[in-house]
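This report describes selected features of one molecular structure. The reader is invited to keep the sequence and the three-dimensional view at hand while reading.

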Amino acid sequence: MYNTPFFHIVLEFLKQVGNSLSAQLQGDIRSGKATLEDQTLYIKKNFAGGGIINLITPTTERIDGICSFDKNILQTGRVFVFDEISIGYAKDAALGKEGSLKYNIVAPAPLLNADFVIIQNGKEVLRKSVADLHNLAAGQNVKDQFTTLKGLKFLTDAKEIKMQLVFPDGVVMDDTTDKHYIYVRLNGLQTAIKS
C-alpha cells in the first residue's frame with residue numbers, strides 16, 4: 001500500500017521519539033503491529049473570564065460532534081502526531097450551543113491576544129498566540145482554516161494533557177451579553193493496531 005510523504009515522516013518521527021512512548025507502543029511499532037490513521041482531535045467549548053482557562057480536564061467526555069478527547073489523556077497505545085491547528089470562534093446569546101454554531105466569525109481582541117498552550121506531563125508541547133492560529137476560510141475548503149506548524153508536535157499515551165487559553169493580566173472575555181465559544185482542531189495522524 002502506498003502512503004503520503006507525511007505518513008512516512010511521522011513513522012520516522014515516532015522512531016526518533018521512542019523513549020517518550022509507552023513500552024507497549026514501542027514494541028508494537030518495532031514489530032510492525034502499529035499503523036497510522038488520519039485523525040483530528042477537537043473540542044468545542046463555551047468559555048468566559050480570563051487568566052488560565054482549561055479547555056480539557058479529567059472530567060472531559062467524548063461527545064460526538066463536540067469533543068473527541070476522552071478525559072485529559074490518550075489511552076495506552078494511542079499517540080497523536082500533528083502539524084496543523086485551527087481555532088474557530090462563535091458567539092450566541094444562549095449557553096449550550098457548542099454543537100450548533102458555525103465558528104466562522106473573527107475572534108474578539110481579548111481572545112486574539114491570548115496564548116493557546118498545550119502541556120503534557122509537565123512539558124510545554126506548544127505555545128502560540130491565538131491570533132496565529134485563528135484563520136477564517138479564505139479559500140474553497142476547510143483546509144484553509146488550518147495553520148501549518150513548522151515542525152511536528154505529538155501527544156503521547158497515558159500522560160496528562162492540559163490544553164489552555166492563557167490571557168494577559170487583566171484581560172477577560174465578558175459574557176454579559178454574548179456567550180463565547182471556541183473550536184480547537186489538531187490535525188494529524190494517530191497510532192492504531194493493524195487489524
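## Strand pairing and a pocket

In strand β10, the bridge partner of N46 is Y181. This pair comes from a predicted model, and the pairing of the two strands concerned is described next. Strands β1 and β10 run in the antiparallel sense and are joined over 14 bridges. Strand β10 also pairs with strand β4, which spans residues 80-92, again in the antiparallel sense and over twelve bridges. Within this second pairing, E84 has N187 as its bridge partner in β10.

Is strand β10 enclosed or open? Strand β10 covers residues 179-193, and 13 of its 15 residues are buried, so the strand is largely enclosed by the rest of the structure.

Two residues may be examined in detail, one from each strand that pairs with β10. The table sets out their accessibility.

| Residue | Relative accessibility | Class |
|---|---|---|
| Q39 | 19% | buried |
| F82 | 0% | buried |

The residue Q39 belongs to strand β1, which comprises residues 34-47. Its relative accessibility is 19%, and residues under 20% are classed as buried, so Q39 counts as buried. The side chain of Q39 forms a polar contact of 3.4 Å with the side chain of Q190. When neighbours within four places in sequence are set aside, Q39 is in contact with R78, F80, L186, N187, G188, L189 and Q190.

The residue F82 is located in strand β4. F82 counts as buried because its relative accessibility is 0%. Residues up to four places away in sequence not being counted, F82 touches I118, L149, G151, L152, K153, F154, L155, L186, N187 and G188. How far apart in space are F82 and V10, C-alpha to C-alpha? The distance is 8.9 Å, although the two residues are 72 residues apart in sequence.

The report turns finally to the largest pocket. Its volume is about 220 Å³. The lining consists of S20, Q120, N121, K123, E124, V125, L152, K153, F154, T156 and K159. Two or more lining residues are given by each of the elements β6 (123-129) and β7 (147-155). By chemical class, the lining of this pocket divides into three nonpolar, four polar and four charged residues. Among the lining residues are L152, K153 and F154, and F82 touches these residues as well.

Key. Residues are numbered from 1 along each chain as its sequence is written. This is a predicted model: local features need pLDDT of at least 70, side-chain atom pairs count only at pLDDT 80 or more; totals for chains, interfaces and linings use all residues. Side-chain values use heavy atoms; hydrogens and water are left out. Helices (H or I, at least four residues) and strands (E, at least two) are DSSP runs, numbered from the N terminus. Buried means under 20% relative accessible area, exposed over 50%, partly exposed in between (1.4 Å probe, protein chains only). A polar contact is a pair of N or O atoms within 3.5 Å; within protein, one must be able to donate a hydrogen and the other to accept it, and residues adjacent in sequence count only if both atoms are side-chain atoms. Contact means heavy atoms within 4.5 Å. Two strands pair if DSSP finds at least two bridges between them. On a 1 Å grid over the protein atoms alone, a cavity is a set of points where a 1.4 Å probe fits but cannot get out, and a pocket is an open set with protein on both sides within 12 Å along at least five of seven lines; lining residues have an atom within 4 Å of a point. Grid points are joined across faces, edges and corners, and a volume is the space filled by probe spheres set on the points. Ala, Val, Leu, Ile, Met, Phe, Trp, Tyr, Cys and Pro count as nonpolar, Asp, Glu, Lys and Arg as charged, and the others, Gly among them, as polar.
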